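This report covers salt bridges and unusual backbone angles. Please keep the sequence and the model open while reading.

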Amino acid sequence: MSHLELNSLDHLYSTNAAPKPVEAAFIQHQADILTSGILQLQSQIKDMQDQLRKHHGVLSPVRRLPVEVISEIFTFVIPYVLGGRDREDMLNLALVCRNWRNAVFLAHRLWSGLEVRSDPLPACNRITDWFGRSGKVQRTLKFVSGEAGHSSDDCMVEGSQCKLWALPVAKLLSCGPSLHHLAFELNGIECFKNIVKALESCKVGTDQRPWDSVRIFTLNLRQDCDEALPPSESVYKYLPPSATSLHLTLPTAWAWGNDGWELQDIFFTMPMNIPSNFLESLTTLFISCSWPGPQLFKVLQRCAKVLSLTIDLQNDEPQYDFSDPFFQEHSEIPLVLPEVRTLRLRRCTLDGIYLLDFFQAPRLVTLDLDFQGEDISEPSACPFHDHQSFAVTLQNFLARSECEETFQTFRLADACIKTRELVQLFHLSLCTVIHLSLENVTLVGGEDYWDLSYFLESPDHLPFLETLELLRLPCSCRGAYIDTLFNSLWSRQPLETDDGQVVLPIDGIRFLKKLVVTFKNDDPPLPSSRFGYEHIMVPKWRRYADMFVSIGPVP
């Protein structure tokens, strides 16, 4: 069609008239040309966008990060002790580019912790080469027995995997790199005996071995910990002589029987023959034990220099035999923990808290009680709901310890307690605390956390408080409760204005230095604040009182 004829098609674009066949063919041809042009332009745009991304990539600030900074970032990404999968993740980082590879090899901390398993055990030279990249960073080596469920009898059989891997482990601990922390996770005491025997066979002269320089020693026995030997022949006498920190995890005293879980009688009298000279050199002790006999207490009796003590009760309810002469003696004369500054009870139960009835800690600074594992989803399942003994036990322990001059920090986690009992503790036994932390604590009775906020309103209550942590609160507290909390704290520590100048509280009233509130993430959060107090008070506290304030989800 000619140009003149093309102009005659204008009426088709402004009306609904149907085109003639020749007109339709011409219009289709023009549409195909336009479509082809659009596709070409889109292809050009895509090519230009790809080139633009490459240019932006070259100009990315990440490329200008010093290798040392990238190395430091990697140390926050990779765990301290690397198992098989962790090692793969780290090496994958090294495959991204040359800079990242250099950063991985420059970060000595990434090469300082290693977990190896017995199935199969890597060659000793490979472990030595790995630690060779750790520089002067303190090293951690963890051995894990891979045969789950085998008994002590299996360990004593010649040619068993336990005996086969004991010798190369012993050679590594005799001739390998120096170690700061050595950890064993084994099925039973016989596994440890095999390693100790192999160590003694590898010992040559008086040369210092890596085993002899270990400062932190971890022994986790899953089962079969009965030595059936006199103390003089105990395998515990071969523990690393330089260790000042012991982490000991012992198997539970309960076993599944015909009638469900049954307490094994052997754990009432099973010895724990750790030498006195070893215990007397410890400054840190973590012990996981819920045995019903006095073994735990007899160990603690000899820990004269321990500063940090953690007792893990494994969610069991210790069935102590109070007719035992040891318990009868120490019910009247408490067991003194003379140097303990930090006392932690982990996976505790309501019955387990009775441990405190036997202790006296005159230099206590921090008390940390964790009832992890308790069912606190419903009030009827709360361990303290129908009992008064928790508050009484805690008050008696602190009064007996006479630690008012040193006691500063109290933490309660994963527990349920009546609000009035907690407030009573704050009035009486905990009135000197400087650092208070409540984590996933369910308060029942009264107005729960609202009552706690009203209590904090008076500067006479917890007058020395400097750090307040309310962690993993219900999301229902996100709105109105935060307003109430801020109002109470503002009444406690007002920032008054005098001729436009901010005036801090009068002498004698301590200002909070740190406030942290987090919420559970199992419910949708409510609005942050109904009246905006969070946005009004927090900036003033931060600016004029140099106060750290963090209100948010679970960190």
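Which side chain meets that of Asp 414 in a salt bridge? The partner is Arg 472, at 3.6 Å from N to O. A salt bridge here is a side-chain nitrogen of Lys or Arg within 4 Å of a carboxyl oxygen of Asp or Glu. Asp 414 sits in the loop between strand S14 (409-413) and strand S15 (416-418), and Arg 472 in strand S18, so the pair ties together parts that are 58 residues apart in sequence.

The model is predicted: local features need pLDDT of at least 70 and side-chain atom pairs pLDDT 80 or more, while totals for chains, interfaces and linings use all residues. Residues are numbered from 1 along each chain as its sequence is written, and side-chain values use heavy atoms, with hydrogens and water left out. Helices (H or I, at least four residues) and strands (E, at least two) are DSSP runs, numbered from the N terminus.

**Salt bridges**

The structure holds 18 salt bridges. Three pairs are listed here with their N to O distances.

| Acidic residue | Basic residue | N to O distance |
|---|---|---|
| Glu 115 | Arg 117 | 3.8 Å |
| Asp 414 | Arg 472 | 3.6 Å |
| Glu 466 | Lys 513 | 3.7 Å |

Glu 466 and Lys 513 form a salt bridge at 3.7 Å. This pair links distant parts of the chain, 47 residues apart. Glu 466 is in the loop between helix H16 (449-456) and S18. Lys 513 is in the loop between strand S20 (501-503) and strand S21 (514-519).

A network of salt bridges links Arg 346, Asp 368, Arg 411, Asp 414, Glu 439 and Arg 472.

**Accessibility**

Three classes apply: buried is under 20% relative accessible area, exposed is over 50%, and partly exposed lies in between (1.4 Å probe, protein chains only). Asp 414 is buried at 12%. Its partner Arg 472 is partly exposed at 28%. Glu 466 is buried at 15%. Arg 117 is partly exposed at 39%.

**Positive phi**

Which phi does Arg 472 have? Its phi is positive, about 55 degrees, although Arg 472 is not a glycine. Arg 472 lies within strand S18 (residues 467-473).

Asn 440 is not a glycine, yet has a positive phi of about 50 degrees. Asn 440 belongs to the loop between strand S16 (435-439) and strand S17 (442-444). Asn 440 is buried, with a relative accessible area of 9%.
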